[in-house]
Every structure is written in structure tokens, then in C-alpha cells.
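Please look at the structure below and follow how its helices and strands are placed with respect to one another.

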Amino acid sequence: MTERSEVISYCLTYQEVYQDAPFHDPNWTVIRHKNTKKIFAWIFGKDGYIWVNVKVDPQWREVKRNAYDSILPAFHLNKEHWSSIILDGTVPTEEIHNMIEESYILTKK
């Protein structure tokens, strides 16, 4: 998974979510829960790649960040609770899907 359209399409497979552009900037897309408006995926271009910010369980965040060079403390968000995934092809799609699912669950509460 390396394209903006791929990650947006995947995020939209979850129930009761929608795509939004809160900054009126085509570089930024967010995926929100319909009932609470909470964001579970921040999608944007930076440094020639698509990045995705996802909420993470703080007890596991360092495991993922240490396992992959392209998973970093979140760009522009609380670094304790959010991580950035750089979609450069080095993080397996299954891992990206797992992290998006975790973010969906954590923000749904």
C-alpha cells in the first residue's frame, strides 16, 4: 500500500465512517466516525510520500516504531497516542491494515 486512494478506500470499508477535508487543503484527508465525528486516520502527503496518522495503544507503540523505520511518532499530533506510517512500501499492507483497525477501535469509544 503506497497510494492515497488505496488507504482511503481501505478506511472506508469500516462501518459508519466518512471521508472529510477539514482544512480545505487537498493535501489533507481525514476519515471520521459518523456518530462522533472523531478522526481515526489522517492522510496527507509529505516529503514525496503519503503518510497516515493513526491512534495507537501506548503500551505497543514503541514495538511498531522499533520494528519499522517508516513508523514514527505522529506528525502534528500527540506523539504518545498517535503514530505516522509513511507509505513507502516498507511496511507490509497487513501491518498497515492492523494499525488502521486499531485506530478505528480506539477512536470509536
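## How α1 lies on the strands

In this predicted model, helix α1 lies across β1, β2, β3 and β4, and its direction runs at about 175° to that of β3. Another helix, α3, packs on the sheet as well, where it touches β1, β2, β3, β4, β5 and β6, while its direction makes about 40° with that of β4.

## The buried face of α1

Which residues of helix α1 are buried? Within this helix, which covers residues 4–11, the buried residues are Val7, Ile8, Tyr10 and Cys11. When one looks down the axis of α1, these buried residues fall within an arc of 165°, and so they line one face of the helix.

The buried residues of α1 pack against four strands, namely β1 (17–20), β2 (28–33), β3 (39–46) and β4 (49–55), and they also pack against the helix α3 (93–108).

## The sheet

The sheet is an open one, formed by 6 strands that follow the order β1-β2-β3-β4-β6-β5, with antiparallel pairing. At its edges stand β1 and β5 (71–73), each of which pairs on one side only. On average, neighbouring strands of this sheet are turned by 25° against each other, if direction is ignored.

## The pairing of β4 with β6

How many bridges join β4 to β6? The strand β6, made up of residues 82–86, is joined to β4 by 5 bridges, and the two strands run antiparallel. As for single residues, Trp51 stands opposite Ile86, which belongs to β6.

Note on methods: Residues numbered from 1 in each chain as written. Predicted model: local features only at pLDDT ≥ 70, side-chain atom pairs only at ≥ 80, totals over all residues. Heavy atoms only, no water. Buried < 20%, exposed > 50% of the residue type's maximum accessible area, 1.4 Å probe, protein only. Arc of directions from axis to C-beta. Contact = heavy atoms within 4.5 Å. Pairing = 2+ DSSP bridges. Axes fitted to C-alpha atoms, helices over the stretch in contact; angles between N-to-C directions.
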